[in-house]
Every structure is written in structure tokens, then in C-alpha cells.
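Let's take a walk through this model together, one region at a time. Keep the sequence and the 3D view open side by side as you read.

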Amino acid sequence: SKDALNILLKKTNKTMKDIGLIIGGDLLNQISATSYAIEETNIPFLGLFSACATSVESLIIASKFIETKTIKNAICITSSHNLAEEKQFRNPTEYGYTKPKTATFTSTGGSAILLTNEKTSIKITNYTIGRIVNMNQKDPNNMGAAMAPAALDTLITHLRDTDRNPSYYDAIITGDLGHIGKDIVIELAETKGYNIKSIYNDCGVLMFDKNTQDTHSGGSGCACVGTVFSGYFFKQLKDRKLNRILLIATGALTNATTSQQGESIPGIAHAVAIEN
């Protein structure tokens with residue numbers, strides 16, 4: 001996160017004094033990775049936890065601060081690290097256990113996104129705050145199945161609230177459902193009368209090549225949606241290869257002990273419409 005923040009400031013010709021607020025979080029206990037990353041910035045900070053949906057949650061909150069003219073510039077920041085997250089939520093890699101094919105591979109990376117009141121061609125035009133959906137899925141090695149119903153719920157809520165069809169968007173992108181979660185969303189959407197297959201993809205699917213990198217169902221972690229959007233889809237918007245994206249970050253609202261205690265995994269998803 002610290003590296004991503006410094007790179008962002010350099011790219012945008014901003015200094016720490018230009019930033020009115022930093023919003024963000026991560027997957028470690030008490031969002032410690034984010035806190036340590038920004039402790040020396042001396043910038044007001046709002047820490048969030050919405051699991052891997054944190055990135056879009058921070059965009060929603062920052063956009064409201066910008067819209068109400070409370071601040072001029074805000075940075076949304078998040079990160080995840082494979083060794084840290086695997087150790088906390090599943091098993092340390094040193095344990096060497098065989099992962100089932102439903103498991104995802106936590107991505108290592110960080111993202112920092114600047115929201116500003118300065119005129120730009122790319123804007124957040126709409127958002128949908130998700131609600132918790134729990135379908136009694138208890139397997140921590142199948143997070144995609146736990147989060148997929150929440151992703152669909154947020155997608156349908158967004159389309160109904162805005163009176164839009166999926167075809168309004170050039171791309172509908174979820175956070176880190178992976179291959180299994182992506183397939184579930186496509187199938188469930190069809191049962192609700194929405195055919196999204198041609199424009200829908202998932203950052204967990206795009207992050208890795210599961211066949212050559214042995215990542216099973218794909219990528220996961222806060223950095224998954226943050227880095228794939230910032231590094232790939234944002235460039236697609238800038239180059240006008242895409243003009244309307246619905247970004248839906250997904251999160252499994254569990255911790256290191258709830259699954260071990262046999263608790264089900266609640267899912268949540270937040271969405272932002274980003275358009276040229």
C-alpha cells in the first residue's frame with residue numbers, strides 16, 4: 001500500500017499536502033497493513049473493513065466527500081499479501097496441505113486510487129451499497145460460492161434502482177469470485193432473467209492463469225479487484241476501449257476463527273458505475 005500510494009502521488013503530480021483524506025483497509029486483523037502504510041503521511045484517515053469489498057466501499061465513501069465539496073482530493077487504498085492472508089484465514093503455506101480445486105489463491109499487491117474534484121473524463125456516476133447475503137456456505141476453501149449470491153443481489157438491485165439493463169455497460173466486473181463463483185453468478189443471473197455472460201468477468205479469473213500458475217479457482221484478496229481495475233480496466237477506460245464499467249467488489253465477512261467454529265460465511269458486494 002505504501003508503494004502504491006507513492007507511485008500514485010508521482011503519477012498524478014500530487015503531494016501529501018494536496019490530499020484531504022485517505023480511506024481504506026485490508027484483510028489483516030485491525031487492518032494493520034493499511035495503518036502502518038500510511039502512519040507517516042499525516043493525512044486524515046478512515047479505516048474500513050468490508051473484506052475484499054473494501055476497495056469499492058472506499059470509493060463510494062470518498063465520492064460522497066468529493067460530491068459534497070467537503071474535500072478536494074481523496075485516496076482510496078487497499079492491499080493483500082498471499083503469505084499473510086493464507087496463514088490467517090486458511091493454513092500457512094509451509095503446512096503444505098493439498099488445496100481443493102474450489103480454493104482461490106490470495107493475490108499479493110496494493111492499489112491506490114485518487115478521487116478528485118478536478119475535471120476528468122472518467123467519473124464515478126452511480127453506486128449501490130450491498131447488503132449481507134448468507135446462503136449457509138461454510139467452506140473457507142470455497143469463498144467464491146459464499147460471495148456469489150451477494151454479487152448477484154447487488155447487481156440486480158443496481159439494475160432495478162437505475163432502471164438499466166446489463167447491456168448499458170461495456171463490462172460488468174466482480175471482485176474475486178474466481179472461476180467457480182463467476183459460473184455461479186452467470187447461472188443465477190439467468191434464473192432471474194439476465195443474460196450477462198458476454199460482458200461479465202471476474203478479477204479473480206483475470207488475475208492468474210490457473211493452468212500454468214496452479215491457482216485453482218483463481219485469485220482473491222483485497223488487491224485482486226484493486227490491482228486488476230487500476231492496472232487493466234482503468235487503462236481500458238482511458239483508451240476508450242471501454243466507456244461504461246460496473247465494478248462490483250465482493251467480500252466474505254468471516255475471520256480467522258468463525259469457520260473453524262462451524263459458522264457460515266456471510267457475503268457482501270458493493271458496486272460503482274465508472275464511466276467516460
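Helices here are DSSP runs of H or I with at least four residues, numbered from the N terminus. Keep in mind that what you are looking at is a predicted model.

With that in hand, start at helix α5, which spans residues 143-162. This helix has 20 residues and reaches 29 Å from its first C-alpha to its last, close to the 28 Å expected at 1.5 Å a residue. Is α5 enclosed by the rest of the structure or not, and how many of its residues are buried? A residue counts as buried when its relative accessible area is under 20%. By that cut-off 17 of the 20 residues of α5 are buried, so the helix is largely enclosed by the rest of the structure. After α5 comes D163, which has a positive phi, near 55 degrees.

Now step back to the loop between β6 and α5, where you will find R131. R131 has a relative accessible area of 53%, and because exposed means over 50%, R131 is classed as exposed. Its side chain makes a polar contact of 2.8 Å with the side chain of D153. Beyond its neighbours within four places in sequence, R131 is in contact with D153, T157, G267 and I268. R131 also lies 8.3 Å from H270, C-alpha to C-alpha, although 139 residues separate the two in sequence.

For a contrasting case, turn to N73 in strand β3, which covers residues 73-80. N73 counts as buried because its relative accessibility is 6%. Which side chain does the side chain of N73 join through a polar contact? The partner is T116, at 2.7 Å. Leaving aside neighbours within four places in sequence, the residues in contact with N73 include K14, D18, I66, L114, L115 and E118.

L114 and L115 bring us to the last stop, the largest pocket, with a volume of about 1200 Å³. It is lined by 38 residues, and the closest to its centre are I113, L114, L115, I122 and F234. The elements giving two or more residues to this lining are α1 (2-12), α3 (54-67), β5 (109-116), β6 (123-128) and α9 (222-238). Of these, α9 gives the most, with 8 residues. Sorted by class, the lining of the largest pocket holds 15 nonpolar, 14 polar and 9 charged residues.

Definitions and conventions: Residues numbered from 1 in each chain as written. Predicted model: local features only at pLDDT ≥ 70, side-chain atom pairs only at ≥ 80, totals over all residues. Heavy atoms only, no water. 1 Å grid on protein atoms, 1.4 Å probe; cavity = no way out; pocket = protein on both sides within 12 Å on 5 of 7 lines; lining within 4 Å. Points joined across faces, edges and corners; volume = space filled by probe spheres on them. Nonpolar A, V, L, I, M, F, W, Y, C, P; charged D, E, K, R; others polar. Buried < 20%, exposed > 50% of the residue type's maximum accessible area, 1.4 Å probe, protein only. Polar contact = N/O pair within 3.5 Å; in protein donor to acceptor, adjacent residues only side chain to side chain. Contact = heavy atoms within 4.5 Å. Expected span 1.5 Å × (residues − 1).
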